[in-house]
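Here is a short report on a single protein chain. Look over the sequence and the coordinates before reading on.

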Amino acid sequence: MSIHKSLKLKNTLQRQRSVLTRWERIEKLTPREREVMNWVVEGLTNSQVAGHLGISSRTVEAHRANLMAKTKTSSIAELVQLVMLATA
């Protein structure tokens with residue numbers, strides 16, 4: 001196998017591993033954290049998410065903090081990027 005083909009294969013494997021790692025980070029979330037994540041990624045505020053789910057905005061804040069920690073994201077933009085790349 002040529003060096004070019006080997007490097008191409010290595011890059012492909014790294015991308016696949018990266019996607020899997022992203023998906024694994026999302027899979028760590030509880031069903032409720034995933035619900036909150038989906039609404040947050042859609043651009044809803046904590047109050048709006050709380051209204052949709054019938055919970056308090058403080059509870060949404062707690063779920064948001066937990067899901068950000070579990071997915072190792074530090075901003076909503078980073079979370080959106082993670083979700084988009086993991087589901088692509």
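The report goes from the overall fold to the core, then to individual helices and residues.

**Overall picture**

This is a predicted model. The chain holds 5 helices and 0 strands. In sequence order the pattern reads α-α-α-α-α. Of its 88 residues, 24% count as buried. The accessible surface comes to about 6,000 Å², and carbon and sulfur atoms own 56% of that surface. Take the contacts with a separation of 6 or more: residues 24 or more positions apart account for 52% of them.

**The core**

The largest nonpolar core has 16 residues. Ile 26, Val 36, Met 37, Val 49, Leu 67 and Leu 79 have the most contacts inside this core. Four helices each supply at least two of the core residues: α2 (31–41), α3 (46–53), α4 (57–71) and α5 (76–87). The largest share, 4 residues, comes from α5.

Leu 79 shows how the parts meet. Beyond residues up to four places away in sequence, Leu 79 touches Met 37, Val 40, Val 41, Leu 67, Met 68, Thr 71 and Thr 73.

**Helix α3**

Which residues of α3 are buried? They are Asn 46, Val 49, Ala 50 and Leu 53. These residues cover an arc of only 100 degrees around the axis, so they lie on the same side of α3. The cover over the buried residues of α3 includes α2 and α4. Ser 47, Gly 51 and His 52 are exposed on the other side of α3. Just after α3, Gly 54 takes a positive phi of about 70 degrees.

**Helix α4**

α4 has 15 residues, which at 1.5 Å a residue should span 21 Å. The C-alpha atoms at its ends are 21 Å apart, so the model agrees with the expected span.

The buried residues of α4 are Val 60, His 63, Leu 67, Met 68 and Thr 71. They sit on the same side of α4, because their arc around the axis is only 135 degrees. The general rule is simple: an α-helix has 3.6 residues a turn, so residues three or four places apart point the same way. Arg 58 and Ala 69 are exposed, on the face of α4 turned away from its buried side. Just after α4, Lys 72 takes a positive phi of about 60 degrees.

**Four buried residues**

The table lists four buried residues with their relative accessible areas.

| Residue | Place | Relative accessible area |
|---|---|---|
| Glu 33 | α2 | 3% |
| Val 36 | α2 | 0% |
| Val 60 | α4 | 0% |
| Thr 73 | loop between α4 and α5 | 9% |

Why does Glu 33 count as buried? Its relative accessible area is 3%, and the cut-off for buried is under 20%. What does the side chain of Glu 33 pair with? A polar contact of 2.9 Å links the side chain of Glu 33 to that of Lys 70. With residues up to four places away left out, Glu 33 touches His 63, Asn 66, Leu 67 and Lys 70.

Val 36 is also in α2. Setting aside residues up to four places away in sequence, Val 36 touches Val 49, Leu 53, Val 60, His 63, Arg 64 and Leu 67. Val 36 and Asn 46 are 10 residues apart along the chain, and their C-alpha atoms are separated by 8.8 Å.

Val 60 belongs to α4. Apart from neighbours within four places in sequence, Val 60 is in contact with Val 36, Asn 46, Val 49, Ala 50 and Ile 55. Arg 32 is 28 residues from Val 60 in sequence, yet the two are 9.5 Å apart, C-alpha to C-alpha.

Thr 73 lies in the loop between α4 and α5. The side chains of Thr 73 and Thr 71 make a polar contact at 2.9 Å. Not counting residues up to four places away, Thr 73 touches Arg 25, Met 68, Glu 78, Leu 79 and Leu 82.

Conventions. Residues numbered from 1 in each chain as written. Predicted model: local features only at pLDDT ≥ 70, side-chain atom pairs only at ≥ 80, totals over all residues. Heavy atoms only, no water. Core = buried A, V, L, I, M, F, W, Y, C linked by side-chain atoms within 4.5 Å. Buried < 20%, exposed > 50% of the residue type's maximum accessible area, 1.4 Å probe, protein only. Contact = heavy atoms within 4.5 Å. Expected span 1.5 Å × (residues − 1). Arc of directions from axis to C-beta. Polar contact = N/O pair within 3.5 Å; in protein donor to acceptor, adjacent residues only side chain to side chain. Areas by Shrake-Rupley, 256 points an atom, 1.4 Å probe, with all protein chains shown as cover.
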